[in-house]
Amino acid sequence: QNTGYNGSNIWQAIYEENCFVRSGSEKEMCYEERVLYRLLSGMHTSINIHISLAYFPPLKGKRSQWMPNPQRFVDHYSGHPERLLNLHFAFVVVLRALYIAAPHLEQYPFETGNVLEDRRTKRLIERLVESHVLTSCGEVFSAFDESMLFKDETVGLHDTRTWYRGLTMDGRLISLKQQFKGVFRNISRILDCVSCQKCKLHAKLQLLGIGTALKILLSPEQQQRQVVLSLSREEVVALFNTIGRWSNAITGVQQLSKLYQASLLSMQPLTTTTPL
């Protein structure tokens with residue numbers, strides 16, 4: 001829902017502090033940097049779509065529920081289709097993580113002590129891992145290959161790409177994986193500056209969802225079961241929540257597009273807003 005919070009400075013800091021802007025174009029980024037950029041861009045897009053889906057709050061005598069703002073959606077994305085593509089890319093990444101984790105999730109200790117809730121959770125997990133999406137969309141899951149990440153861990157001074165320029169205090173070169181983890185810690189610290197508590201909660205939850213997905217994807221095949229079963233409950237919840245939010249956002253693209261087209265046909269003006 002639209003909280004009225006302007007997060008443009010936060011997103012600018014996230015992109016700039018992690019060299020996504022200073023690196024130049026996306027083509028000039030190393031592969032790992034492009035992947036993380038697209039994941040964060042997908043998260044950014046999802047958040048903006050959800051705001052557009054529930055933009056106008058209930059108003060006595062006018063509307064009884066939250067209403068969408070299709071014009072805001074068009075203002076954000078009509079000239080930036082790559083942002084919507086990044087949302088789809090990010091969704092494929094987290095879905096692939098779920099696909100890998102699925103065989104082991106039924107053994108995950110979800111017990112809370114509440115028998116009824118535990119049974120309900122078990123049924124929902126079974127429905128999720130047996131979903132036709134996970135069993136019949138092999139081509140989708142092959143669209144992202146995590147084995148391409150961190151193939152070259154040898155960091156050399158001759159490499160001028162942004163992520164290879166960092167040095168520790170004693171002059172040792174920082175490995176690519178260490179820099180990758182450092183970016184997540186840096187983003188989390190930036191999110192601590194968000195004054196809107198609801199916004200901060202949703203952003204940190206999705207950031208944790210991305211981190212959990214990458215932890216699963218980057219674990220050696222023989223250790224995947226151990227990694228999944230050792231995930232904290234917060235990590236599992238974050239992964240599920242992120243998948244759900246991004247799935248809703250993709251559906252929301254169709255909904256907002258149809259509403260905008262309908263408004264053009266009826267020639268009813270829509271409120272124009274300044275993009276966050």
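# Side-chain contacts in a predicted model

Phenylalanine 73 and tyrosine 77 both belong to helix α3 (residues 70-77), where they stand four residues apart, about one turn of the helix. The structure is a predicted model. This briefing covers its aromatic pairs, helix α2, its disulfide and its salt bridges. The count comes to five aromatic pairs, one disulfide and three salt bridges.

## Aromatic rings

- A pair of aromatic rings is described by the distance of the centres and the angle of the planes.
- The count of aromatic pairs in this model is five. One of them joins tyrosine 55 and phenylalanine 56, whose rings meet edge-to-face at 5.0 Å centre to centre, with 80° between the planes.
- The arrangement of tyrosine 55 and phenylalanine 56 is called edge-to-face because their planes are 80° apart, and an angle over 60 degrees falls in that class.
- Tyrosine 55 is buried, its relative accessible area being 18%, whereas phenylalanine 56 has 21% and counts as partly exposed. These two values fall on either side of the 20% limit, under which a residue counts as buried.
- Phenylalanine 73 and tyrosine 77 form a tilted aromatic pair, with 5.5 Å from centre to centre and 45° between the planes.
- An α-helix has 3.6 residues a turn, so residues three or four places apart point the same way. Phenylalanine 73 and tyrosine 77 have this kind of spacing, since they lie four residues apart in helix α3.
- Both partners of the tilted pair are buried: phenylalanine 73 has a relative accessible area of 5%, and tyrosine 77 has 6%.
- Ring pairs also link Trp11, Tyr15 and Tyr37 into a cluster.
- A ring can also meet a charge: the charged end of arginine 38 sits over the ring of phenylalanine 89, at 4.4 Å from the centre of that ring.

## Helix α2

- Helix α2 (residues 31-53) has 23 residues, and at 1.5 Å a residue it should span 33 Å. The C-alpha atoms at its ends are 33 Å apart, which agrees with the expected span.
- Helix α2 is mostly covered, with 18 of its 23 residues buried.
- Asparagine 48 lies in helix α2 and counts as buried, at 6% relative accessibility.
- The side chain of asparagine 48 makes a polar contact of 2.9 Å with the side chain of arginine 72.

## The disulfide

- A disulfide is a covalent bond between the sulfur atoms of two cysteines.
- The one disulfide of the structure joins cysteine 196 to cysteine 199, with 2.4 Å from S to S.
- The link of cysteine 196 and cysteine 199 is right-handed, with 70° about the S-S bond.
- Cysteine 196 counts as buried at 14% relative accessibility, while cysteine 199 is partly exposed at 22%.
- Cysteine 193 has a relative accessibility of 59% and counts as exposed.

## Salt bridges

- Side chains of opposite charge can pair when their charged atoms come close. The count of salt bridges in this model is three.
- Glutamate 126 forms a salt bridge with lysine 122, and their closest N and O atoms are 3.6 Å apart. Both residues lie in helix α5 (residues 115-129), four residues apart, about one turn of the helix.
- Glutamate 126 is partly exposed at 26% relative accessibility, and lysine 122 is partly exposed at 47%.
- Aspartate 192 and lysine 204 meet through their side chains in a salt bridge of 2.5 Å, N to O. This pair links distant parts of the chain, with aspartate 192 in the loop between α8 (176-191) and α9 (197-217) and lysine 204 in helix α9, twelve residues apart.
- Aspartate 192 counts as partly exposed at 42% relative accessibility, and lysine 204 counts as partly exposed at 27%.
- Glutamate 235 forms a salt bridge with lysine 215, the closest N and O atoms being 2.6 Å apart. This pair also links distant parts of the chain: glutamate 235 is in helix α11 (residues 233-266) and lysine 215 is in helix α9, 20 residues apart.
- Glutamate 235 is buried, with a relative accessible area of 12%, whereas lysine 215 counts as partly exposed at 39%.

Terms used: Residues are numbered from 1 along each chain as its sequence is written. Side-chain values use heavy atoms; hydrogens and water are left out. Rings of Phe, Tyr and Trp (its six-membered ring) pair if their centres lie within 6.5 Å; planes under 30 degrees apart count as stacked, over 60 as edge-to-face and the rest as tilted. Buried means under 20% relative accessible area, exposed over 50%, partly exposed in between (1.4 Å probe, protein chains only). Helices (H or I, at least four residues) and strands (E, at least two) are DSSP runs, numbered from the N terminus. A charge sits over a ring if NZ of Lys or CZ of Arg is within 6 Å of the ring centre and within 35 degrees of the ring normal. The expected span of a helix is 1.5 Å times one less than its number of residues. A disulfide is a pair of cysteine sulfur atoms within 2.5 Å. A salt bridge is a side-chain nitrogen of Lys or Arg within 4 Å of a carboxyl oxygen of Asp or Glu. A polar contact is a pair of N or O atoms within 3.5 Å; within protein, one must be able to donate a hydrogen and the other to accept it, and residues adjacent in sequence count only if both atoms are side-chain atoms.
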